[in-house]
Amino acid sequence: MDLKKTIGTLKRELDAMTAIQTFIAYAFLLVFLIAPLVLMVGQAFVYQGGASFRWFTDLLSSPEYVSFTSRGGRLFEVRRGVMYLWGHDYGILLNSLIVAFFVTVFCSIIGVVAAMLMGRYRFPGKSLFRVLLLIPLLATPFVNAYIVGKLFNPRGGLINYLLVDLLHVLPWRLDIDGLVGVILAQTLSYYPIIFLNVLASLNSIDPSVEEMAENLGARGLRLFRTVTFPLFLPGLAAGAVIVFIFSLEDLGAPIGFTGARANPLSRKLVSYQVYSSFAEALTGSFSPKIAALAVIILFIAVAGFLIIRRYVNLRTYAMLSKGGRWSPRLRTPSVKTQVAIILSLIFLVTLASMPQIGTVILATSNWAISGTLPTKATGQYLGTLVSDPDVTRAIVNSLLYSGAAVVITVLVGSSIAYVVARRDIPGRALLDILATIPVAVPGIALAVGYFLLFSSKMFRGSILDPLLDPALLMILAYSIRRLPFTTRAVSAGLAQVDKSLEESSMNLGANRPTTFFKIVLPLIIGHILGGAILSFVYSMSEVSTSVTLGALREDRVPITFFISQIVYGVAAVGSVSIGAALCVLLMAVQITAMAISNFILKQKVAFLGV
Amino acid sequence: MVKVELKGVTKRFGDVVAAGDVTLQIEDGEFFTFLGPSGCGKTTTMRMIAGLEYPDEGGIFFDGEDVTNLPSFRRNTGMVFQNYALWPHMKVFENVAYGLRVRKVEQAELKKRVDEALELVHLDGLGGRFPSQLSGGQQQRVALARVMVINPSVLLLDEPLSNLDAKLRVEMREEIKEIQRELGITTIYVTHDQEEAMAVSDRVAIQNHGVIRQVGTPSEIYSFPREVFIASFIGRGAILEGVAGVSGGVPRVDLGGFTVEGVDSASAVGDGDRVACVMRPESFSIGAPGEPSNRLDGVVEWSSFIGPYREVKLNVGGTTLLVDVPPERETPVGGSLTVYIPVRRTIVLPWVEVK
Ligand SMILES: Nc1ncnc2c1ncn2[C@@H]1O[C@H](COP(=O)(O)OP(=O)(O)O)[C@@H](O)[C@H]1O
Ligand SMILES: [Mg+2]
């Protein structure tokens, strides 16, 4: 009886359209997300033809990867008038975890403070700060870290010049580099993720809850600790786990810092090690030890993500919750406090926007070669975007890949969102998780998986073989990695379309496909476009698979690979300023997209820096 | 127009029984209403008739044809949703035309029928507006026109008036009834408002916890409720607890301070049973009626002038009854008052604690 009922339900729910949508979604996720990762995990457990933990025990017992004593580095060391802030090398694996930990802590502190200031106080210039605080979300891959390195260079760095030579406020020059440099660069890029998540939580707290606590005598810190903090903790946790993962997989900072300072310490990170092993991968083989390394960060990232997801619903992670109700909890503090708030926000905004401001300056002047300050403006670098055939080709490649990826993402993402929201089929919850999980999968791990699977015998010589042509694989990697953006945007749209609107259509004689195209689609098209734009922007600035798979064939390189080569200093093309010019292009694309989203589609979608 | 049959229809959501073994026949052209408290399963039952939900057990038949597993779009029912479910991206005309477009009705015919439907609900000339530009009452009319235009075999109305203000509600229900009578369409109506149900229906089914407790004409249900639940759900008046003494088919109920004779409308009362006695306030009269009656002597506890009548709380032997007396009759508090109630209007039911 029960089986009959289940089959009956399945037959009704699984009409042709749902069947096709579900099949496509699962097939896509299976081939381009699960299979590569499973293969990679499998490889990492194979030693001399048998199943073994050998690679993992090797890694964990080798001081190069895990060391409980410092293997070198400098921290708070003052020598000849220079305070060295590099950090210590505790082995590649521990370094990555330590960096990710500190980045998460610092981003949490900055993000929470900024959100409390913006969400609870009234002061002049607030709406301006609302925009300025989000500047770090503008993607300037590699160049941002390069600029941080340049500014904190003890020899001619602008910050040292200002603080030591000009203002004499510091007794020694600062040398921020190595792991500390990576932490600084990542903190500046990622704090808005936590800021936005916490602000959204704060805005959705019913003000009467806090007022009630105040009535009962809780004030100030106590109110914060006992009421406000627990209420925005889910938002904080959601933001924090994403920052942790982003830090773990980031390649921008290690490569950017290397370009600026050539200190090897900034490269002693898992992401960089995996990346650099792609050079030998050109020959067609891939070290299982590196696969094991990728497996470790994949495991940490996915486990962390799933644990937090259980604890808070991460559905809102990419979205600034609808509009944010104007909270009556806003207070106008004393003038002195207002001045203090404004000054601290100016400090934060200036510090955090340095990479973006610096990128624009680099791209439009001779700063790359002039020393402390630029001395001459020039349009020459921006000009190369159209005049240099290599640069132009990278731009065209990125546009093509991202455009194609968006088409796939939209088709698959909308299907998943629709099936998950509306159809009662088995495996629906799994589909929901699979469509979200790419946020947690380190791009570098996905790249390894792709390489292993699609250069294997099974796919050798096919259009998917990255050694032959990585273009298609990059498109697919982009569409998998950006799938959560579209899926979430469409889900948000569907949540606003009452189910009865579809039911009344079917009641009036329209079958499911007709209902989908005539009723559902027109009502969520704004959300679909919003998700598509978001996916496009973040495909354009995608780093991990671009710099690994993209490296496999010269005429297929995308923008970010090109920038990494320039910044790293290995490209023949020349000045880092061209990389900055490309970043200016990326920022322009992003600002345009944001404007379209906010003003034309009226979608309040916050932009994550990926 | 069709005859709708439900045979043993059951639907559960987890532990909740939304429809419990519902067996009913709704006649061709009938105006049939599901009445019951909120959450009793009315909507679910209606949605199964519409094909938007499928029964766990049992079958649904239109004119004898089994439609139990037919998807909604093959049933030709016209359902008006509680929230109207108008499509916000389509103008009124397009909303109404939708069912015809999916049926591929050609343009001239389509326009004619949409115009007729809009006229039927007095919305002529508003076809160019978006739903958001209409008042609640107008939106409700669009929802009605949208289903009427396809000539549905069954019209399904799920609390169609619950979002309107009181005055409009009365107006609209009369209009709906009027349209239904004119077209002779089989109509199934869902409401939790007993007055509404009484006013429009040919027959009413009372539902509670998913189960149909009684089916009958409004006057049957009002005058001869089969259960305490129904008596308390419909109409005013006290429900008194007592002990029955049955002799010769006529139960005498000992209500503590006094005794009345009544009718056992459910034929379920035995000698010595704990029973409920239902006496409607409007069944009482001041003078003795020309039929077997109970005479009750009491003291006025409280009196309030309503307009058409005077509502009196009468203490009879320690028990308080609600009694309507003619408005011109003075009933000073503390004064004594004698009232009569016909035996056939004194309903005796098995006692069940009403949840
Ligand atoms: N889709 C559903 N999932 C779970 N429970 C439901 C669902 N639809 C209805 N119910 C439950 O079934 C019962 C009957 O609901 P409904 O038919 O809407 O009642 P009514 O229309 O009489 O107010 C309620 O307890 C309701 O909570
Ligand atoms: Mg209902």
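**Exercise 1. Does A:Thr187 count as buried or exposed, and at what relative accessibility?**

Before starting, note that this is a predicted model, where local features need pLDDT of at least 70, side-chain atom pairs count only at pLDDT 80 or more, and totals for chains, interfaces and linings use all residues. Residues are numbered from 1 along each chain as its sequence is written, chains are lettered from A and ligands numbered from 1 in the order in which they are written, and side-chain values use heavy atoms, with hydrogens and water left out.

Step 1. Find the residue: A:Thr187 sits in helix H8 of chain A, residues 178-204. Helices here are DSSP runs (H or I, at least four residues), as are strands (E, at least two), and both are numbered from the N terminus.

Step 2. Apply the cut-offs: buried is under 20% relative accessible area, exposed is over 50%, and partly exposed is in between, using a 1.4 Å probe and protein chains only.

Step 3. A:Thr187 comes out at 5% relative accessibility, so it counts as buried.

Step 4. Look at its surroundings. Contact means heavy atoms within 4.5 Å. Leaving aside neighbours within four places in sequence, A:Thr187 touches A:Val103, A:Phe106, A:Cys107 and A:Ile110.

**Exercise 2. Sketch chain B as a whole.**

Step 1. Count the elements: chain B has eight helices and 19 strands.

Step 2. Get the dimensions: the C-alpha trace of chain B spans about 75 × 45 × 35 Å along its principal axes.

Step 3. Check burial and contacts. Of the 355 residues in chain B, 53% count as buried. Among contacts in chain B with a separation of 6 or more, 67% come from residues 24 or more positions apart.

Step 4. Turn to the surface. Chain B exposes about 14,900 Å², with carbon and sulfur atoms supplying 49% of it; the areas come from the Shrake-Rupley method with a 1.4 Å probe.

Step 5. Place the charges. Lys and Arg count as positive, Asp and Glu as negative, with His and the chain ends not counted. The mean positions of the 37 positive and 48 negative charges of chain B are 4 Å apart.

**Exercise 3. How many salt bridges cross the interface of chain B and chain A?**

Step 1. Start with the area. Chain B and chain A bury about 2,000 Å² between them, 61% of it on carbon and sulfur atoms. Buried area is the accessible area (1.4 Å probe) that two parts lose on being put together, summed over both.

Step 2. Count the residues: chain B gives 27 to the contact and chain A gives 22.

Step 3. Apply the salt-bridge rule, a side-chain nitrogen of Lys or Arg within 4 Å of a carboxyl oxygen of Asp or Glu. The rule finds one across this interface.

Step 4. Name the pair: B:Arg47 and A:Glu503, with the closest N and O atoms 2.7 Å apart. The pair runs from helix H1 of chain B (residues 42-50) to helix H23 of chain A (residues 499-507).

Step 5. Check both ends. B:Arg47 is buried at 13% relative accessible area, and A:Glu503 is buried at 8%.

**Exercise 4. Trace two salt bridges that link distant parts of a chain.**

Step 1. Over all chains, the rule gives 35 salt bridges. One of them joins A:Asp469 and A:Arg553 (3.8 Å, N to O). These two are 84 residues apart, with A:Asp469 in the loop between helices H20 and H21 and A:Arg553 in the loop between helices H25 and H26 of chain A.

Step 2. A:Arg553 is partly exposed, at 27% relative accessibility. Widen the view and you get a salt-bridge network linking A:Asp469, A:Arg553, A:Asp555 and A:Arg556.

Step 3. Now go to chain B, where the side chains of B:Asp324 and B:Arg236 pair up at 2.5 Å, N to O. B:Asp324 lies in strand E17 and B:Arg236 in the loop between helix H8 and strand E11, 88 residues apart.

Step 4. Compare cover: B:Asp324 is buried at 9%, whereas B:Arg236 is partly exposed at 28%.

**Exercise 5. Examine two positive phi values in chain B.**

Step 1. Recall the background: most residues other than glycine have a negative phi.

Step 2. B:Tyr84 has phi near 70°. B:Tyr84 is in the loop between strand E6 and helix H2, and at 5% relative accessibility counts as buried.

Step 3. B:His122 has phi near 60°. B:His122 is in the loop between helices H3 and H4, and is exposed at 53%.

Technical notes. Charge placed at Lys NZ, Arg CZ, Asp CG, Glu CD.
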